[in-house]
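User: I would like a close look at one part of the following model, with the neighbouring elements and the ligand site discussed afterwards. Please answer in connected prose.

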Amino acid sequence: MSDPVPQPPAITPSPRRCPGMRGRPRTTCIVGSPLSAAGGVAVTGIDLSQPITPTLREMILNAFLDYHVVVFPNQVLSREQQYRFIASLGKVEPHGGRNARAKRYAVAHVISNLDGNGRPVDRSSSPVSNYRWHTDKAYNAVPPMLTALYAVELPPQGGDTEFANTQMGYAALSEVTKQRIAGLRVVFRWAGSRHAPGIPPLSQTGPEARPPVDHPLVRTHPVTGKKALYLGNHASHILGMPPDEGTALLEELLEHTTKPQFVYAHHWRVGDLLIWDNRCLLHRAVANYEVSRYRRILHRNVVRGTVPF
Ligand code: OGA
Ligand code: MN
């Protein structure tokens, strides 16, 4: 399926300085070296609890386009401050769910491994868990372009998030495969593929009942024009293809684009704020810690995107 040795881009350590923040003329923020060949860059020297200048915003958005995952370490942010920064990058979407108002879902919602009593619980085997490769809300007709996560409480070690670069994955496909998949459309639904044995049937209520949507398997980034694979956990099958064949193709492409050379693994520290580009990445939480022992709490927002094409 792939060329034998895909060549990752060279990593050039070239920190860039960017303009000071409003009211803090001597502050200089720095866009660091790439964190991996697959993406990721840290932006330091910036306090996101304060409003940012238009120039700084542009610099952040450029880093976002170039590196797909931007890490802002050592931030101290209330949910409102996180919301204000993320809302300066685009339209923050309210998150659906129970107790939406009580949990301030429209400001920033909580991603955690806790149950209703605040105790850690292992849900990693759930078919819709974040521990499977996915892109956020691909089952929506207009999926979000960006997701932000802010680390509030972490296990002593592990609890990583991995990102797979689906532009690199696409670029490394053979021409034969590129031609084979050109124009195909993937059906996404909240519950993903339900062909696997042992998975209970869909219920008629709740998020499972949402109608499926279809998106291009090869999507074009609306800003950079680069092509990327669009697939992952909520992908059910390929439109117009026998289900088993479509599922097999999706599994083959997923395995390809999540190979280690296309992956950036983020090792969290409390105070990290991450933003990532859902248009060219898959991601997953990694259960590389005792999930039912240690608490892992992050605050999240998603920013509205456009219809994939
Ligand atoms: C998410 C998500 C992964 C993680 O918030 O969309 O997939 O590591 N999170 O918590
Ligand atoms: Mn996710």
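In which sense do strand β3 (residues 41-44) and β4 pair, and over how many bridges?

Analyst: The model is a predicted one, and the description below should be read accordingly. Strand β3 (residues 41-44) and β4 run parallel to each other, and 2 bridges join them. Within this pairing, the residue opposite valine 71 of β4 is alanine 42. The side chains of β4 are divided between two directions: Val69 and Val71 point one way, Val70 and Phe72 point the other way, and all of them are buried. Valine 71 therefore combines a buried side chain with a place opposite alanine 42, given that buried means under 20% relative accessible area.

The loops on either side of β4 each hold a residue with an unusual backbone angle to report. On one side, histidine 68 occupies the loop between α1 (54-67) and β4 (69-72). Its phi is positive, at about 70 degrees, although histidine 68 is not a glycine. With a relative accessible area of 8%, histidine 68 is buried. On the other side, asparagine 74 belongs to the loop between β4 and α2 (79-87). Asparagine 74 also has a positive phi, near 60 degrees, and is a residue other than glycine. Its relative accessible area is 68%, so asparagine 74 counts as exposed. The two residues thus share the sign of phi, whereas histidine 68 is buried and asparagine 74 is exposed.

A further loop residue may be added here. Threonine 28 sits in the loop between β1 (16-18) and β2 (29-34). A relative accessibility of 32% makes threonine 28 partly exposed. Its C-alpha is 5.9 Å from that of glycine 45, and the two residues are 17 apart in sequence.

The discussion now turns to the ligand site, starting from another strand. Along β6 the side chains alternate: His109 and Ile111 face one side and are buried, while Val110 and Ser112 face the other and are not. Strand β6 runs antiparallel to strand β17 (residues 297-303), with 4 bridges between them. Isoleucine 111 has leucine 298 of β17 as its bridge partner.

Ile111 is also one of the residues surrounding ligand 1, as are Asn130, Leu149, Ala285 and Arg296, among others. By class, this shell comprises 3 nonpolar, 4 polar and 3 charged residues. Several side chains place polar atoms close to oxygen atoms of ligand 1: for threonine 161 the distance from an N or O atom is 2.6 Å, for arginine 300 the distance from a polar atom is 2.8 Å, and for histidine 134 it is 3.0 Å. On its own, ligand 1 has 290 Å² of accessible area, of which the protein covers 99%.

Histidine 134 has a second role in the site, as a donor to the manganese ion (ligand 2) through NE2, together with Asp136 through OD and His283 through NE2, at 2.1 Å. These three donors also appear in the shell around ligand 1. Their spacing in sequence is H-x1-D-x146-H. Aspartate 136 lies in the loop between β6 (109-112) and β7 (146-153), and histidine 283 in strand β16 (residues 281-285), so this pair ties together parts that are 147 residues apart in sequence. Aspartate 136 and histidine 283 are both buried.

Conventions:
Residues numbered from 1 in each chain as written. Chains lettered and ligands numbered in written order. Predicted model: local features only at pLDDT ≥ 70, side-chain atom pairs only at ≥ 80, totals over all residues. Heavy atoms only, no water. Near = heavy atom within 4 Å. Polar contact = N/O pair within 3.5 Å; in protein donor to acceptor, adjacent residues only side chain to side chain. Areas by Shrake-Rupley, 256 points an atom, 1.4 Å probe, with all protein chains shown as cover. Nonpolar A, V, L, I, M, F, W, Y, C, P; charged D, E, K, R; others polar. Donors = N, O, S within 2.8 Å, 3.2 Å for Na, K, Ca; no water. Buried < 20%, exposed > 50% of the residue type's maximum accessible area, 1.4 Å probe, protein only. Pairing = 2+ DSSP bridges.
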